[in-house]
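Let's take a walk through this structure together, side chain by side chain. Keep the viewer open as you read.

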Amino acid sequence: MTDTVTDIVTDTVEYSAAEDRLGFFGPDSVTWRVHRDPSFSIGGLRALLLQALHPLAMDGVARNSVAREDPWPRLARTAAYVDTLTYGTRGEALRSVRRVRALHHRLGVDDPQLLLWVHCCEVDSLLSVARRSGVPLTDDDADRYVAEQVTAAALIGVDEGAVPDSAAALAAYFRDVRPSLAVIPEAREAARLVLLPPMPAWVRLLTPARPAWGTLVSLGFATLPRWARRMYSMPGLGLTDPAATAGMKAFRQAMLALPQRVQRSPIVWAGYERVAA
């Protein structure tokens with residue numbers, strides 16, 4: 001698959017109109033089910049907090065002063081990228097991939113091992129949070145999701161052979177990489193920025209944005225693996241897990257009660273409307 005994906009990215013392989021319309025995953029994939037769920041937002045925050053534990057990842061963030069000073073555009077771009085890669089046409093997804101790969105190269109953060117770490121944190125977080133929130137996913141579904149996401153890693157520049165393709169392989173990856181993780185000062189600063197991002201005074205004082213964001217980030221922290229919570233000097237006890245799971249289920253049910261159009265981005269619904277047509 002790696003050679004094929006690489007050829008697609010470099011425009012040396014053509015794909016049919018039907019393949020373009022379905023994108024890289026399609027409506028029958030587990031990826032579509034996981035990424036459309038309201039739990040996606042919490043999973044994304046958990047991924048950021050987990051990614052910050054890798055010193056190499058924090059070195060890249062330290063070189064991107066814009067992301068440190070104003071994280072909102074970066075968060076919005078990351079969410080839009082994942083949505084486009086998942087629900088966009090192949091052409092739309094590839095345009096996003098090329099932009100991100102060019103940015104990674106410009107910032108010097110295109111190391112394959114770093115990209116693999118970021119990928120695994122994202123996949124583990126989105127899958128873990130979705131299952132704990134009550135998304136009906138079997139063990140086979142979990143394996144399918146991890147395997148489907150190998151394509152996402154290959155598109156961004158990771159060798160397919162190095163990417164975990166099952167839930168067990170993903171867990172083994174984290175066991176192997178844990179000795180190299182650390183909470184360096186830049187990681188604490190990144191976590192602080194996620195917890196208390198800059199907001200205009202009128203937003204903080206006249207809207208519920210600050211407490212709402214605090215709830216999301218608290219759930220993101222609480223759903224981290226116990227070893228990661230201990231690294232952040234957060235409660236690493238097993239008692240935290242049932243409370244976090246209950247909180248995630250309550251959050252998901254509250255979000256599902258809202259109109260569908262506000263649950264996820266227009267990119268998601270455009271994908272569903274395209275394949276339905």
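**Rings, charges and a core**

Start at Trp269, which counts as buried because its relative accessibility is 12%, with under 20% as the cut-off. Bear in mind that what you're looking at is a predicted model. Trp269 shares helix 19 with Tyr272, and the two sit three residues apart, about one turn of the helix. Their ring centres are 5.9 Å apart and their planes meet at 40 degrees, so this pair counts as tilted. Zoom out a little and you'll see that ring pairs link Trp269 and Tyr272 with Trp32 and Tyr87 into a cluster.

How many aromatic pairs turn up in a search of the whole structure? The answer is eight. One to look at is Phe221 with Tyr232, an edge-to-face arrangement with 5.6 Å from centre to centre and 85 degrees between the planes. This pair links distant parts of the chain, eleven residues apart: Phe221 belongs to helix 15 (residues 209–222), while Tyr232 is in the loop between helix 16 and helix 17. Phe221 is buried, at a relative accessible area of 10%, and Tyr232 is buried too, at 7%.

Tyr232 also brings us to the greasy part of the model. In soluble globular proteins, nonpolar side chains tend to be buried together. Here the largest nonpolar core holds 73 residues, and the members that touch the most others are Leu50, Leu85, Trp117, Phe174 and Tyr232. Helix 9 (residues 112–133) is the top contributor to this core, giving eleven residues. For a feel of the packing, click on Leu85: leaving out residues up to four places away in sequence, Leu85 touches Phe25, Ala93, Val97, Ala152 and Leu155.

Now for the charges. The whole structure has nine salt bridges. In one of them, the side chains of Asp83 and Arg264 come together at 2.6 Å, N to O. Asp83 is in helix 7 (residues 71–87) and Arg264 is in the loop between helix 18 (260–263) and helix 19 (266–276), so this bridge ties together parts that are 181 residues apart in sequence. Are these two partners buried or exposed? Both Asp83 and Arg264 are buried. Arg264 has another contact worth a look, with its charged end over the ring of Phe40, 4.2 Å from the centre. Elsewhere, Arg90 lies over the face of Tyr15, 5.8 Å from the ring centre.

Next, find the salt bridge between Asp141 and Arg33, at 3.5 Å from N to O. Asp141 lies in helix 10 (residues 139–148) and Arg33 in helix 3 (residues 30–36), so the pair ties together parts 108 residues apart in sequence. Asp141 is buried, at 12% relative accessibility, whereas Arg33 is partly exposed, at 27%.

Finish with Arg226 and Asp241, whose side chains form a salt bridge at 2.7 Å, N to O. Arg226 is in helix 16 (residues 226–231) and Asp241 in helix 17 (residues 240–256), so parts 15 residues apart in sequence are tied together here. Arg226 is partly exposed, with 41% relative accessibility, while Asp241 is buried, with a relative accessible area of 16%. Bring Arg229 into view as well, and you have one network of Arg226, Arg229 and Asp241, joined by salt bridges that share partners.

Note on methods: Residues are numbered from 1 along each chain as its sequence is written. This is a predicted model: local features need pLDDT of at least 70, side-chain atom pairs count only at pLDDT 80 or more; totals for chains, interfaces and linings use all residues. Side-chain values use heavy atoms; hydrogens and water are left out. A nonpolar core is a set of buried Ala, Val, Leu, Ile, Met, Phe, Trp, Tyr and Cys residues joined through side-chain atoms within 4.5 Å. Buried means under 20% relative accessible area, exposed over 50%, partly exposed in between (1.4 Å probe, protein chains only). Helices (H or I, at least four residues) and strands (E, at least two) are DSSP runs, numbered from the N terminus. Contact means heavy atoms within 4.5 Å. A salt bridge is a side-chain nitrogen of Lys or Arg within 4 Å of a carboxyl oxygen of Asp or Glu. Rings of Phe, Tyr and Trp (its six-membered ring) pair if their centres lie within 6.5 Å; planes under 30 degrees apart count as stacked, over 60 as edge-to-face and the rest as tilted. A charge sits over a ring if NZ of Lys or CZ of Arg is within 6 Å of the ring centre and within 35 degrees of the ring normal.
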